[in-house]
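I sat down today with a new structure and my notebook. Here is what I looked up, in the order I did it.

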Amino acid sequence: MKVEYVEFHARKNRAIRTKLKLARLIERDRGGWKYALAAMCAFNSAAVSVSVLGMPTGLGRTFDIAAALLLNAAGMGLAAGIVAALLALAGSDKVPRFTVGGAVYTGVLAYFVFYFSGLGWKTSLAFALTATLISAGFGLLVGLVVRRGPPNRRIALGVVAAIAALVVMTEVPSLLPSGAVSDADEATDAGASGQPEVRASSLLLSDPSQPGRNDYRNFTYGSGKDKHRSEFGKEAELASPSVDASAYIESWPWLRQQFWGFDETELPLNGRVWLPEGAGPYPVMLMVHGNHLMEDFSDAGYGYLGELLASRGIAAVSVDENFFNYSVWSGIPDQDIKLRAWLLLQHIRLLQSYSTDEGSPFYGRIDFDRVALLGHSRGGQAAAMAADADRWFAGDASLPDRDSYEIQAVIALAPTDAEVDGERPQLRDVSYLTLQGAKDADLVNFYGDRQYGRATFSGNGRAFKASLYIEDANHSQFNTTWGSSDNSMPGGLFIRPKELLPAEEQRGIAKLYVSAFAEATLHQSREYDALFRDYRAASAYLPDTRYFNQYENDDFRMLADFSGEDREQPAWGVTAEASGLTDWQHANALDRQGEGKADKGVELGWEEEGDYTIVIGSSLEEKPEEEDLLMFSLANRGRELEETLEAKGGEEQPQALEEAIEEAMESSLSIDIELEDRSGNSARLPLEQFMEAEPQVETEFTWLPALEPIVADGKFKDAEEPVYQTYELSLKDFVEENPDFDPSEWERVTFHFNEGPGKVMLDSVGWMTDEGAAE
């Protein structure tokens, strides 16, 4: 009995002591420590406010931020309380327990914020510790000033601290870069009225980005049941049926169904229309967005293009595929790119049904033999896949009959090029245009370049392909609702290329090229041919940045494509020889991750000077004439030159050689082109007479360049990728240089590399008729 009594009182005493310890949890969290705790709370509030912008619920930005702040306050209070209780029970009486608990919570929260920004676990851990120490230290400093200052200073500092905390917690979005937060209902067409700052002279007689003379009307068609957008709900002018995609979708998450109100068996056909007034029939361009946050609707973002096209007599439809986009809460459907292409074709079928309905504004006004598809990001690949539909959808009876429409053209704005069912689109006799920004922090590689390489022609029409690489353009600004940042928060705080083109200027480039391409392919206009062959033809209308463009049409005759392994035989019936070169091999151009672009060229390097000659021999079935053009694609590979020389001679290079390498990387190359006929008559001209061989674009994607090798698993590790520039050299200029040179007897072309060191990649050497000169 006595033992039980002792044990009872011992337990009672322990309980009392425990209660006493817990009662004194905040005993040490006084003085400067409470300011440290407040500062960490302010930091956490800012961190969650920024982070939640990248995971919208669809209930509005205000709700998302308010909910995040409440959850953060509750989480920090709970975590700090648990840590403080554990410290108290452990008998730690000399530490500020709640402050330590707050620091633990802050560190864990900061770690995950940095980690999901793509910084990797080591950097995230280091940044989290640093952020915790800085925020706590700042609070201690403020506490020291407040406690030691006169009363009026204390009051002033307290007010300032309260205001600062309020701004951080509730006005974070206004402190972010323009466009980092965007709601579809707040989007404006910044590019519709603003014009880019123009440069010097131009070869074009008119600016294709200017509105045409056609009046047009803007309306929508939709399911009539949309839960989030009245324009596809009760305000839709035309009712559209739903389509069943269950043959292509394995699962449709419950949260996605709750958000949209439908599943994969009832996908809506929603579209924004810009239709020219008048009888028509008009060609039509379907435009489709890419992957963006599902809750931040994307389809309104191409209104600036729809308005321009309609004013120029082309019907335009922006297709809604937001329900295929990524959501933090419900992921993204499997095979979404395939679904995007499939739904585009469903919209063609829908328009066909509208065009036969006398009560529809489309009745008899669409020419389905003149169809173009425009896509952005994943939509760019989907557009090409829809134009090559039989590769994926042969036998699908739900799609329009393949002979009932003809896709004349595809436009891809910063497209993806993923393998789908083991295949990639290969366009045949379809005109193709792709635009890409060198500061694209989403798709850092020029994937449209690969699609460009796969587009081929039979030589029986007027199809052509063109590409444009823009130094200061990014990914998102082609869409007016996507904002200026290519990365959702919080990653957008760290991944921030400098000196981006203003949004209206980037969209001005898109307007110019899309409009000109539509005129060339859908209206069969020749007015803007020069633009696609050489961007300088529109220099008066383009923003002041650097451009690289490629061009080829179905009249192009290939002499050497370097697709084989034998460097001395770059094509059938053609041989090659070289002298003075340190590097001579057929190789793939590599993207920023070191992966091949599946399009071989010949890699040529030299230290002082060198020559490379292609001997045509008797391979020419047709005889070139004086009005024809020598054409080739060339990329200045200065950075590869540096890496090659370091590999051969180690990192220690003579000072003179290091200076020469640096100069070569930053300047144009000195190259002469020499043509020789069978009689030995030759003419030699400098390449800069036609166009300079400029160095490649180097891009820093983060505001801390040292982070680039580790951010997003090395996505940005290389500052550049090789992008070709097409050069056109008139044979007439060589005849003027040496009248004895006979183009019809042309036998050899030699590239003389005059100064070193240097390195280039050369591809697609051939010739074509200069139609402009012929006319």
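These entries cover a nonpolar surface patch first and salt bridges after that.

**Before starting.** I reminded myself that this is a predicted model, where local features need pLDDT of at least 70, side-chain atom pairs count only at pLDDT 80 or more, and totals for chains, interfaces and linings use all residues. Residues are numbered from 1 along each chain as its sequence is written, and side-chain values use heavy atoms, with hydrogens and water left out.

**Entry 1: the patch.** I looked for a nonpolar patch on the surface and found one of about 820 Å², made by V104, V108, F112, Y115, F116, W121, L125 and L129. Patch residues have over 30% relative accessible area and no salt bridge; nonpolar side chains (Val, Leu, Ile, Met, Phe, Trp, Tyr) are joined within 5 Å, like charges within 9 Å. The areas come from the Shrake-Rupley method with a 1.4 Å probe, and for residues only the protein chains shown count as cover.

Which elements give two or more residues to the patch? They are α4 (97-119) and α5 (121-148). Helices here are DSSP runs (H or I, at least four residues), as are strands (E, at least two), numbered from the N terminus. I noted that α4 gives the most, with five residues.

I then picked Y115, which sits in helix α4. Y115 is partly exposed, at a relative accessible area of 37%. For my own use: buried is under 20%, exposed is over 50%, and partly exposed is in between (1.4 Å probe, protein chains only).

**Entry 2: salt bridges.** Side chains of opposite charge can pair when their charged atoms come close. The cut-off is a side-chain nitrogen of Lys or Arg within 4 Å of a carboxyl oxygen of Asp or Glu. How many did a search of the whole structure find? It found 35.

**Entry 3: R272 and D299.** The closest N and O atoms of this salt bridge are 2.5 Å apart. The pair links distant parts of the chain, 27 residues apart: R272 is in strand β5 (residues 271-276), and D299 is in the loop between β6 (282-288) and α10 (303-311). Are they buried or exposed? R272 counts as buried at 15% relative accessibility, and D299 counts as buried at 1%. Both also belong to a network of salt bridges that links D226, R229, E231, R272, D299 and D320.

**Entry 4: D388 and R391.** I found a salt bridge here too, with the closest N and O atoms 2.5 Å apart. D388 is buried at 13%, whereas R391 is partly exposed at 32%.
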